[in-house]
Amino acid sequence: MALQMKSKRRQLHSIILVGACLLAATFLVTAFVAPQGASPRNPAVGMLAGGEYTGFVPDMQRRQLMNFVVVASAAVPVSVLLGGYLYYFYPVVDGGSGGATPCGDVNGNPVLLDDWVKAHKDNDRELVQGLKGD
């Protein structure tokens with residue numbers, strides 16, 4: 001019995017949701033439609049001899065809504081293309097802090113320039129540790 005009540009509630013909720021979506025779609029569809037009623041002038045839409053447009057001109061609220069729809073729909077592909085373009089020229093780079101790598105001796109201790117010059121002669125080439133610990 002409780003299971004039947006839950007299924008009836010779910011059906012009721014789904015019917016209300018579908019009705020609300022249809023109502024919202026109706027309002028969205030009629031947002032860009034000219035108001036119905038008797039036109040004060042000639043019913044034919046066109047240009048008069050003076051060049052005056054006699055058709056429907058949307059009010060400011062509708063114009064702003066149409067501008068928003070155009071900008072929002074154009075923003076998605078433009079941002080995707082711009083992001084791909086920037087990613088091509090500025091890819092993600094692996095690495096550390098970008099600072100210098102200290103030179104090390106056989107045991108891995110840092111080698112200082114002043115100590116090196118004092119302990120070695122000119123053109124003395126004693127091996128030190130490489131960048132990867134070689």
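Residue L86 lies in helix α2. In this predicted model, helix α2 spans residues 60-89 and has the highest mean pLDDT among the elements of the protein chain, at 92. L86 is partly exposed because its relative accessible area is 40%, a value between the limits of 20% for buried and 50% for exposed residues. L86 also belongs to a nonpolar surface patch, which it forms with L82, Y85, Y88, F89 and Y90. Together, the six residues L82, Y85, L86, Y88, F89 and Y90 contribute about 760 Å² of accessible area.

The secondary structure of the protein chain consists of 3 helices and 0 strands, arranged along the sequence in the pattern α-α-α. Confidence varies among these elements: helix α1, covering residues 2-29, has the lowest mean pLDDT, at 80, in contrast to the 92 of helix α2. For the protein chain as a whole, the mean pLDDT is 76, and 66% of the residues reach 70 or more.

With respect to burial, the protein chain comprises 134 residues, of which buried residues make up 2%. The exposed surface of the protein chain amounts to about 12600 Å², and carbon and sulfur atoms supply 64% of this area. As for contacts within the protein chain, among those between residues at least 6 apart in sequence, 36% join residues at least 24 apart.

Technical notes
Residues are numbered from 1 along each chain as its sequence is written. This is a predicted model: local features need pLDDT of at least 70, side-chain atom pairs count only at pLDDT 80 or more; totals for chains, interfaces and linings use all residues. Side-chain values use heavy atoms; hydrogens and water are left out. pLDDT is the predictor's confidence in each residue, from 0 to 100. Helices (H or I, at least four residues) and strands (E, at least two) are DSSP runs, numbered from the N terminus. Buried means under 20% relative accessible area, exposed over 50%, partly exposed in between (1.4 Å probe, protein chains only). Contact means heavy atoms within 4.5 Å. Accessible areas come from the Shrake-Rupley method with a 1.4 Å probe; for residues, only the protein chains shown count as cover. Patches are made of residues with over 30% relative accessible area and no salt bridge: like charges are joined within 9 Å, nonpolar side chains (Val, Leu, Ile, Met, Phe, Trp, Tyr) within 5 Å. A salt bridge is a side-chain nitrogen of Lys or Arg within 4 Å of a carboxyl oxygen of Asp or Glu.
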